[in-house]
Amino acid sequence: MRFLQLIMSLLQVSDIRRQEGNFQLQGISFTQEKFEKIAIAGASGSGKSTLLRIIGGLIQQDEGQVLFEGEKIKGPNDKLIPGHPGIAYLSQHFELRNNYRMEELLGYANRLPDEEAATLYEICRISHLLKRKNDQLSGGEKQRIALARLLVTSPRLLLLDEPFSNLDLIHRGILKQVIEDLGEKLKITCLLVSHDPTDMLPWADRLFIIHNGRFIQEGRPEQVYLQPVNEYAAGLFGTYNLTDPVLAGKKAVDAKRLFTRPEQFKIVSGGQLTLEATVRQVYFYGNYFEIAAEAKGQTIMVRAGRGNFAKGDTIWLSLSGEGWYL
Ligand SMILES: Nc1ncnc2c1ncn2[C@@H]1O[C@H](COP(=O)(O)OP(=O)(O)OP(=O)(O)O)[C@@H](O)[C@H]1O
């Protein structure tokens, strides 16, 4: 048995299908190794929550199976109390009971020795909130309490459903650090679903893209970002260009268009193999600018470190790398 556990993936999801009204999860399969950070990216309504809840044993699939540590996850049809003790699911719509101090709420769920629980509260940045009640907490603080309440049950796998979606930048930053620490300090494996590239690209070891209930791409974050399989996958991770390859000095490839990200273009002072373009708009994003430039009737978005361009200015663009064709 021990030998089996050594060679077995932590999670094995095989051919999961479920009909939900007009929507269908259409045969989702993947494996996750212990401590591997996996993110599932998809637009709203693509099936992310449904899939995560099936993995957690909270709703029943029509077909397929989920194995966790080699053991089949039972859905609500086969089990009186849904869920698996080794898997925690942090929902987008978590609720904390009213009229309890947080230390009481956490105390009821806690299975850890006091010292370990205290460390966990430190990691979740909630030690200073334990005496408070629900109505004395901000949304971000509630989120971290809800997370801590799951973690005191000692799960081995944590399913995170859009954990950052209702948080401001400050609370997002804190929660990101908390999630980073979970893997390193508490040895918990995380599976995260989101529609936001900034949640996933810097964090994940491996990304899956879900569209209409089906995985359409899998890869490392850089790969998925720079080599999307289609426009849907491209659009999930930010601004992109699809232009005539000839425009950027590339050969035409079977009527395909050249896919680029704005930062793959550099604004240069002219020269060979550069593309002459006219500035149409300048957008300020804080630590960078995006410039909409027009070349031969096509718009190209270009990232720039400075914004001292005016509408109508002529600029020259140079493209790095071979490019990717869609
Ligand atoms: N109980 C239900 N009855 C009918 N349709 C449902 C039900 N639950 C979910 N759906 C539909 O299934 C699809 C997938 O929903 P799901 O919540 O999994 O998507 P999601 O990718 O998590 O979206 P979001 O990011 O908006 O939460 C949606 O089109 C939704 O309308």
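Two residues are in contact when their C-beta atoms, placed from the backbone, lie within 7 Å. The model shown here is predicted: local features need pLDDT of at least 70, side-chain atom pairs count only at pLDDT 80 or more, and totals for chains, interfaces and linings use all residues. Residues are numbered from 1 along each chain as its sequence is written.

**View 1. The whole protein, to get your bearings.** The protein has nine helices and 18 strands (DSSP runs numbered from the N terminus: helices are H or I with at least four residues, strands are E with at least two). Measure-of-the-box style, the C-alpha trace spans about 70 × 45 × 40 Å along its principal axes. Of the 326 residues, 32% count as buried (20 or more other C-beta atoms within 10 Å of a residue's own; 12 or fewer makes it exposed, and anything in between partly exposed, with C-beta atoms placed from the backbone). Among contacts with a separation of 6 or more, 66% join residues 24 or more positions apart.

**View 2. Helix 5 and what surrounds it.** Helix 5 takes in residues 139–151. Its 13 residues should span 18 Å at 1.5 Å a residue, and the end C-alpha atoms are 18 Å apart, so the two agree (the expected span is 1.5 Å times one less than the number of residues). Plenty of this helix is buried: Glu141, Gln143, Arg144, Ile145, Leu147, Ala148, Arg149, Leu150 and Leu151. Those buried residues pack against strand 6 (87–90), helix 3 (102–109), helix 4 (114–123), strand 7 (157–161) and helix 6 (169–186).

**View 3. The shell around the ligand.** There are 13 residues around the ligand, and Gly21, Phe23, Ser44, Ser49 and Thr50 come nearest (a residue is near if its C-beta atom, placed from the backbone, lies within 6 Å of the molecule). Helix 2 (residues 48–55) gives the most to this shell, with three residues. Sorted by class, the shell holds one nonpolar, nine polar and three charged residues (Ala, Val, Leu, Ile, Met, Phe, Trp, Tyr, Cys and Pro are nonpolar; Asp, Glu, Lys and Arg are charged; the others, Gly among them, are polar).

**View 4. Four strands with helix 2 lying across.** Here is an open sheet of four strands in the order 2-1-4-5, paired antiparallel (strands pair if DSSP finds at least two bridges between them). Strand 2 and strand 5 (71–72) are the edge strands, each pairing on one side only. Strand 1 (residues 11–20) runs antiparallel to strand 2, with eight bridges joining them; look for Arg18, whose bridge partner in strand 2 is Leu25. Helix 2 lies across strand 1, strand 2 and strand 4 (63–68), and runs at about 125 degrees to strand 1 (angles run from 0 to 180 degrees between N-to-C directions, with axes fitted to C-alpha atoms, for helices over the stretch in contact).

**View 5. Strand 9 and its two partners.** Strand 9 (residues 206–211) pairs with strand 3 in the parallel sense over four bridges, and Ile38 stands opposite Arg206. Strand 9 also runs antiparallel to strand 10 (residues 214–219), with five bridges between them; one bridge pair is Phe208 and Glu218. Strands 9 and 10 form a hairpin with two residues between them, and Asn212 in the turn has a positive phi of about 50 degrees.

**View 6. A five-stranded open sheet.** The strand order is 13-17-14-15-16, with antiparallel pairing. Strand 13 (265–268) and strand 16 (298–304) sit at the edges with a single partner strand each, so one side of each has no neighbour in the sheet. From one strand to the next the twist averages 45 degrees. Zoom in on strand 15 (residues 289–295), which pairs with strand 16 over seven bridges in the antiparallel sense, and you will find Ala292 bridged to Met301.

**View 7. Two loop residues with positive phi.** Most residues other than glycine have a negative phi. Phe35 goes the other way, with a positive phi near 70 degrees, in the loop between strand 2 (23–32) and strand 3 (38–41). Phe35 is partly exposed, with 13 other C-beta atoms within 10 Å. Ala255 has a positive phi too, about 60 degrees, in the loop between strand 11 (241–243) and strand 12 (258–260). Ala255 counts as exposed because it has 7 other C-beta atoms within 10 Å.

**View 8. Phe259 and its neighbours.** Phe259 belongs to strand 12 and counts as buried, with 21 C-beta neighbours inside 10 Å. Leaving out residues up to four places away in sequence, Phe259 touches Pro228, Ala234, Tyr240, Leu242, Gly323, Trp324, Tyr325 and Leu326. Phe259 and Asn241 are 18 residues apart in sequence and 5.6 Å apart in space, C-alpha to C-alpha.
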